[in-house]
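Have a look at the model below and keep the viewer open while you read. We'll start from one residue and work outwards.

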Amino acid sequence: MADELEQIELGFEERLEEINNWLKNGGYEKYKEARRLAEEESLEDPETDPFKSKYKARRILLDLKAELASFLDDEIPSEKAKILKAALDYQIGQNYIETEELSTGEELFKNCINTLAEYRMDKRSCSIHLHALNELGILWSKRGDSEKALGFLQDAEKLYYSYKKEMEGCSPYDIQELFYPEDNFLSDAERERAFSATFTHTLYYLAQVNAALGHSKKGAMYCHTTLCRQLETEQYDPVDWALNCATLSQYYITQEKYTLARHCLACSSRVFSEAEETATVEAVSEDDSQEERERKERIPQRKADISRCWSKYCLDVLRTSRDRCVQELTNADQNDEEQKTEKVTSDGSARKEESTQEGDTEEPLRFESLEVISLEQSVPDHLIKSYDEARVLFLEGQKWLNISKQFYVLDGHVTNHIEIIQDLSQLYKLLSFFDEDFERRCKMHKRRVDMLSEVLIELNPQHYLLVCRQLMFEIAEAYSDMADLKIAIVDESGGHPNAHAVKKINILINQSIKFFKSFIDSMKNKGALPETFAEDTVRPALVAHFYVARLYSKLICSDKHLKVDNLKKSLAIYQYLVGYCDSHPGVSDMAFKQEIGVSREMAQLLPFKMDKIMKSES
């Protein structure tokens, strides 16, 4: 028995020596040439034959695999030969993926993983296994099967942590290292750096896939961990890192975790500013290829994108603060018992939120290596109640949107430019809520009308119908808000409106009616509205009608016949709304519940009101 074991051992040693000699006598050089073709020469391949060098590299790798096969024919093949075969399967699989032959690439990755199943914890093969699992995760993610992608990436995550636990202090070979001469082997530190970078990619893909599956919290956690690891290892592209960090802030905004959102934005700006300082500014030419244009525009575009993330933060804090104030005003009318009940609920909610926050602090939620206090202090990280705080958020949001607008100009970036203008309009609208000066609020809404109208007039409705509708609706709302404010100013004075005030109010109301009607008319087909509105337009269509009906009743008229005519127009619209909801059961409950109740009431009351006006003395 001992003699048999000794013979087997000698066989292994001889076979290992043969493999090493094979590598020295040409294997190393062939592999080196394949890498040069794939990684360097392929960059110069002509557009008419984009994979020319990749195909050459593949032929060399396939030849190496064929030569290696002779070391796998024995009853007890060498472990090194099997691991080398798996490494070649991975490399050839990657080549097929890069030349858009996905199914063959997938098969080779699977072969690689199956071969390495018994060597998962082997320092020669663990990194190859991790790479192959990553590639399968990416492949299925691109195919749109995020569930399957998640399975491969979770296997990669488990593999990494298992290896780190069981093989502590023993860094695995880099994927290329198996084909290096021994005198070119990497140091332990270099191996660990490469293994860590591969796992950072695993975490990055886990963040993407979890986000695609709607696992927002997990996706954010993986994203944050990825960004932390990239900072720690200094293995990252600063522009990409900054954009990813700014994007992460948008998740925290949705959770109202404003401190974390602000911190991410500040870190994003800090890292990006360093990259921007060292970047070379190149003018874009009409002769540039798409790839060249994208390269030159990368820095200014990412600057615009990060700036938009900052503006979204300012908008959300303002919007949530306004909504909370409205809620508090609504609750203020409740009786003492209800207030006590709400206090208990509120206290419970506060404790729950505090508990959640305590749990969250266990996660590494800050990037401690970056000094960003001055950037963080530029905006509040809490809900606000005063005009002064609102103005700080407004000015910062306006600043960031103006930076974004420098890149996203109307000519060439229509959709992005309009979204920026709409966000600017919303900033004015939200600031006006916190301002107690009615005249100043009117000016803010006028500014909204001007900026939105300026864009609307430039658009062709045939090409940008949905955008035009949005702009018309918002302009109409702004005019309506201005009219309400002018009426409130008159009411506050305690007297009757003078002729100038009446004229101004009626002009604003008519302008609002005009734009709401333009919005409604845009939905007509051959001059008639559809019998049934589409699901995504039913609410705005009905609400626009509702607003027009109310606006007609607000027109100030000294002539009772004119006043009755306006009320008739209101009545006709209310009756239309009642008829539509009655003939479309469920619409009122789904999208129009509050408004249809008012419409039914007004449809009954307006005839009596008109009759009373006509019977009154002039």
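F185 touches Y173, E177, Y180 and R191, leaving aside residues up to four places away in sequence. This is a predicted model, by the way, so take the values here as computed from it. F185 sits in the loop between α6 and α7. Compare it with D174: the two are eleven residues apart in sequence, and their C-alpha atoms are 9.2 Å apart in space.

One of those contacts deserves a second look. How are the rings of Y173 and F185 arranged, stacked or edge-to-face? They are edge-to-face, at 5.4 Å centre to centre with 65° between the planes. Y173 is also in the loop between α6 (146-166) and α7 (188-212), twelve residues from F185. The two partners differ in how much of them is covered: Y173 has 13% relative accessibility, which is under the 20% cut-off, so Y173 counts as buried. F185 has 29%, and therefore counts as partly exposed.

Another pair to pull up is F394 and Y428. Their ring centres are 4.9 Å apart and the planes meet at 65°; because that angle is over 60 degrees, this pair is edge-to-face too. Here the link runs between two helices, with F394 in α14 (residues 387-407) and Y428 in α15 (residues 414-434), 34 residues apart. Both F394 and Y428 are buried.

How many aromatic pairs are there by this rule? The count comes to 28. There is also an aromatic cluster to select as a group, made up of F473, F516, F519, F546, Y547, Y574 and F592. For a ring with charged company, go to W140. R143 lies over the face of W140, 4.5 Å from the ring centre, and K148 lies over the face of W140 as well, at 4.2 Å from the ring centre.

Now for the nonpolar interior. In soluble globular proteins, nonpolar side chains tend to be buried together. The largest nonpolar core in this model has 175 residues, and I128, W241, Y313, F367 and L542 are the ones with the most contacts inside it. Which helix gives the largest share of this core? That is α17 (residues 465-493), with twelve residues.

Take F367 as a way in. Not counting residues up to four places away in sequence, F367 touches H224, L227, C228, L231, W241, C245, H263, C264 and C267. W241, in that list, is itself among the residues with the most contacts inside the core.

H263 leads us on to E376, since H263 is a contact of E376 too, along with R262, A266 and R366, again leaving out residues up to four places away in sequence. E376 belongs to helix α13 (residues 373-376). Is this glutamate buried or exposed? Its relative accessible area is 7%, so E376 is buried.

Let's zoom out to the domains. The assignment for the protein chain includes domain 1 (1-119), domain 2 (123-236) and domain 3 (238-280 + 294-329 + 367-436). The C-alpha centres of domain 1 and domain 2 lie 21 Å apart, and their contact takes 24 residues from domain 1 and 19 residues from domain 2. The size of an interface is often given as the accessible area lost when the parts come together. Between domain 1 and domain 2 the buried area is about 2200 Å², with carbon and sulfur atoms giving 67% of it. On the domain 1 side, Y28, Y90 and I113 supply 25% of the area buried against domain 2, more than any other three residues.

Last stop, the backbone. Most residues other than glycine have a negative phi. E100 has a positive phi of about 65° although it is not a glycine. E100 is found in the loop between α3 (79-98) and α4 (102-115), and with a relative accessible area of 62% it is exposed. K526 also has a positive phi without being a glycine, at about 55°. This lysine, K526, is placed in the loop between α18 (499-521) and α19 (538-554). K526 has a relative accessible area of 82%, so it counts as exposed.

Key
Residues numbered from 1 in each chain as written. Predicted model: local features only at pLDDT ≥ 70, side-chain atom pairs only at ≥ 80, totals over all residues. Heavy atoms only, no water. Core = buried A, V, L, I, M, F, W, Y, C linked by side-chain atoms within 4.5 Å. Buried < 20%, exposed > 50% of the residue type's maximum accessible area, 1.4 Å probe, protein only. Helix = DSSP H or I, 4+ residues; strand = E, 2+ residues; numbered from the N terminus. Contact = heavy atoms within 4.5 Å. Phe/Tyr/Trp six-rings, centres within 6.5 Å; stacked < 30°, edge-to-face > 60°. Lys NZ or Arg CZ within 6 Å of the ring centre and 35° of its normal. Domains from an automatic or database assignment. Buried area = accessible area lost by both parts, 1.4 Å probe.
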